[in-house]
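Reader: Please take a close look at the empty spaces in this model and at what lines them. I would like the account to go slowly, with the terms explained as they come up.

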Amino acid sequence: MCGIVGYLGDKQAYPILLKGLKRLEYRGYDSAGVALQMEDGIRLIKCKGKVSNLEELVAGEELKATAGIGHTRWATHGPPNDVNAHPHFSESEELCIIHNGIIENYASLKNELINRGYDFKSDTDTEVLVNLIQEVHKSTGTELFESIRIALNEVVGAYAIVVLNKLKPNELIAAKMGSPLVVGIGEDHEFFFASDATPIIEYTKNVVYLEDGEIASVSKDNGLRIKTIKNKDITPYIQELEMNLETLELGGYPHFMLKEINEQPKSVLDSMRGRVDLLSGKIVLGGFVEHEQRIRNAERIIIVACGTSWHAGLVAEYLIEDVARVPVEVEYASEFRYRNPVITEKDVVVAISQSGETADTLAAIKMAKEKGALIYGVCNVIGSSIPRETHSGSYTHAGPEIGVASTKAFTAQLTVLTLMALSIGYSRGTISKGKLQRILVELEQIPKKLEEVLKTDEQVRYIASIYKDARNMLYLGRGVNFPVALEGALKLKEISYIHAEGYPAAEMKHGPIALIDEEMPVIVIATKDSSYEKVVSNIQEVKARGGKIIAIVTEGDTQVKAMADHSIEIPETIDILVPFLSVVPLQLLSYHIAVMRGCNVDQPRNLAKSVTVE
Ligand code: G6P
């Protein structure tokens with residue numbers, strides 16, 4: 001978490017940094033700050049709160065500088081306050097640093113520095129790092145680039161850093177280990193650093209994604225130079241960005257979350273585009289084709305992910321086991337990595353991640369890779385860390401997702417995972433060509449059906465107005481709709497702070513039924529699929545205890561509609577594709593409830609979109 005940005009060029013740095021921080025604010029918004037190379041030295045401005053608070057702090061001031069760094073924070077060490085906000089000066093105020101990540105051995109480094117006479121103003125690990133660099137710089141007399149290299153060899157943990165040097169105003173030095181860092185290369189020795197490409201895209205499409213263990217310096221005199229911390233020269237590999245600017249703007253919507261919910265017909269289509277030939281019933285997933293034999297012969301598929309991506313993994317478990325008949329295990333990456341799990345060369349590990357940066361997922365796949373498994377990534381952010389760590393994979397083409405609550409990334413993940421399940425099934429001969437074609441024809445209809453579901457918005461808003469003050473909500477579903485129930489509950493709690501739980505409908509009897517009374521809205525996904533009759537019984541059990549039912553039903557349903565207090569109709573589709581449609585009213589419900597409760601929908605408290613710490 002935390003977003004970092006740096007600029008060096010001929011333009012005014014402050015507005016570029018400020019805009020960049022706004023684009024990166026999804027990564028954390030506890031505090032914000034900038035450090036600018038002004039004529040009379042480095043000017044440090046920082047405060048608790050959002051980037052807009054920082055902006056207000058210096059409103060009307062002319063901040064003339066053509067180099068600077070900026071940071072938006074998700075607190076790890078020390079509470080979010082003005083002092084702990086980044087950037088941080090070294091003790092001599094010669095160096096100034098921004099940092100995303102965690103220095104694990106900061107306590108012992110700090111003690112050593114205290115013994116050498118250093119004083120610390122903040123509680124952060126970052127201030128330890130900048131003073132360590134200063135100490136090495138002073139004691140070795142080496143150039144700053146070399147001092148940073150030496151210092152980083154002493155550091156254990158994750159970091160993306162950018163350092164300003166008061167004595168060399170025309171240079172920025174950055175380094176990366178574990179946390180992401182992109183270098184943008186403009187014209188005439190103009191350079192950018194950022195946690196992702198979104199602050200850069202407006203100025204240049206040419207970028208270099210730094211690898212772990214690399215240090216980069218940019219200067220007006222020498223351009224871009226990269227070395228590893230082991231002192232090996234690296235030739236920069238310049239890539240062209242495919243992103244476009246409109247995808248980063250609100251485009252008339254009041255919130256990114258609503259925009260992204262509404263983008264789903266397109267993002268599902270984009271995730272399918274060029275991969276499906278309906279006439280021949282062929283699926284071409286590049287990453288799959290490359291490793292077809294190994295995936296076909298896998299004895300087990302292990303899916304690792306966190307949050308919403310983990311829910312997509314649970315849906316994939318049903319899909320893959322159903323059509324490909326391979327055992328699937330779905331694991332929280334954070335648990336998996338610390339459990340000494342049994343992994344063999346016959347396993348295929350699928351890592352699902354919107355950001356491609358989630359620290360636990362990244363660590364889990366590194367571990368599985370060492371044990372010989374084939375690692376397949378399903379990620380959204382092109383060039384992010386997970387796709388670079390995997391053997392193979394398929395991108396979801398959802399476009400940038402900015403709202404912290406994930407929506408379009410989920411349905412894009414389902415798209416790719418469905419294509420993957422079908423490819424494995426066809427390759428293993430567990431699904432006939434006819435069945436494959438029938439599923440593909442249905443899948444192709446999903447974007448149109450999503451348009452239909454989105455038309456329920458007004459109705460969902462009305463239901464939201466009735467239940468917005470609820471203190472608890474229960475979400476029930478069976479089969480593929482059980483992960484959807486989990487996802488619906490997650491959406492509600494993360495943005496509206498209402499306690500919500502997702503449960504397999506039949507499990508309700510083993511606990512949650514005790515909670516049901518007139519005050520408890522129960523959202524039931526009761527679409528016409530193989531478990532319909534069973535879910536009907538579960539609804540009766542809730543009704544018998546006075547619970548209020550909000551049901552997601554298939555168009556034309558009469559039975560559940562007669563029992564439910566409210567029902568939202570979604571178009572019919574085949575069982576395994578229902579989650580694409582059933583999740584959307586739940587996304588809308590949580591969105592409207594959060595707006596009505598006055599919550600910050602796109603930046604809910606304490607959360608961040610990209611969780612780069614474990
Ligand atoms: C955070 C985000 C969630 C996301 C999860 C996993 O918690 O707020 O929306 O589902 O991380 O992120 P990933 O980028 O790996 O999908």
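Author: Residues fall into three classes here: Ala, Val, Leu, Ile, Met, Phe, Trp, Tyr, Cys and Pro count as nonpolar, Asp, Glu, Lys and Arg as charged, and the others, Gly among them, as polar. The model is predicted, so local features need pLDDT of at least 70 and side-chain atom pairs count only at pLDDT 80 or more, while totals for chains, interfaces and linings use all residues. Residues are numbered from 1 along each chain as its sequence is written, and side-chain values use heavy atoms, with hydrogens and water left out.

Rolling a probe the size of a water molecule over the atoms shows where empty space is left. On a 1 Å grid over the protein atoms alone, a cavity is a set of points where a 1.4 Å probe fits but cannot get out; a pocket is an open set with protein on both sides within 12 Å along at least five of seven lines, and lining residues have an atom within 4 Å of a point. Points are joined across faces, edges and corners, and a volume is the space filled by probe spheres set on them.

By this rule there are four cavities of 30 Å³ or more. The largest cavity holds about 60 Å³. Its lining includes Cys-2, Arg-73, Trp-74, His-86, His-99 and Asp-125. By class, that lining has two nonpolar, eight polar and two charged residues. Strand 6 (95-103) gives the largest share, three residues, and helix 4 (125-140) also supplies at least two. Helices (H or I, at least four residues) and strands (E, at least two) are DSSP runs, numbered from the N terminus.

His-86, one of the residues lining this cavity, is joined to Pro-87 by a cis peptide bond, with omega near -5°. Pro-87 belongs to the loop between strand 4 (67-73) and strand 5 (88-89). Most residues other than glycine have a negative phi, and most peptide bonds are trans. His-189 has a positive phi of about 55° although it is not a glycine; its place is the loop between strand 9 (182-185) and strand 10 (191-194).

The second largest cavity has a volume of about 40 Å³. Among the residues lining it are Thr-527, Lys-528, Ile-570, Glu-572 and Val-578. Three nonpolar, three polar and two charged residues make up the lining of this second largest cavity.

Next come the pockets. The largest pocket contains about 970 Å³ of space. It is lined by 43 residues, and the closest to its centre are Met-243, Asn-380, Ile-382, Gly-399 and Pro-400. Strand 11 (206-209), strand 15 (239-240) and helix 7 (264-272) are the elements that give two or more residues to this lining, with the largest share, three residues, coming from helix 7. The lining of the largest pocket divides into 16 nonpolar, 15 polar and twelve charged residues.

In the second largest pocket there is about 620 Å³ of space. Of its 29 lining residues, Gly-307, Thr-308, Ala-608, Lys-609 and Val-611 are the closest to the centre. Helix 10, strand 20 (347-353), helix 12 (359-370) and helix 17 (481-496) each give two or more residues to the lining. That lining consists of twelve nonpolar, eleven polar and six charged residues.

The ligand sits in the second largest pocket, where sitting requires that more than half of a molecule's atoms lie within 2 Å of the grid points. There are 13 residues around the ligand, and Ser-309, Ser-353, Gln-354, Ser-355 and Thr-358 come nearest; a residue is near if one of its heavy atoms lies within 4 Å. Helix 10 (residues 307-324) gives the largest share of this shell, three residues. The shell has four nonpolar, eight polar and one charged residues.

Polar contacts are pairs of N or O atoms within 3.5 Å; within protein, one must be able to donate a hydrogen and the other to accept it, and residues adjacent in sequence count only if both atoms are side-chain atoms. A polar side-chain atom of Ser-355 lies 2.6 Å from an oxygen atom of the ligand. Polar backbone atoms also take part: one of Thr-308 is 2.9 Å from a ligand oxygen, and one of Val-404 is 3.2 Å from a ligand oxygen. The protein covers 90% of the 380 Å² of accessible area that the ligand has on its own. Accessible areas come from the Shrake-Rupley method with a 1.4 Å probe; for residues, only the protein chains shown count as cover.
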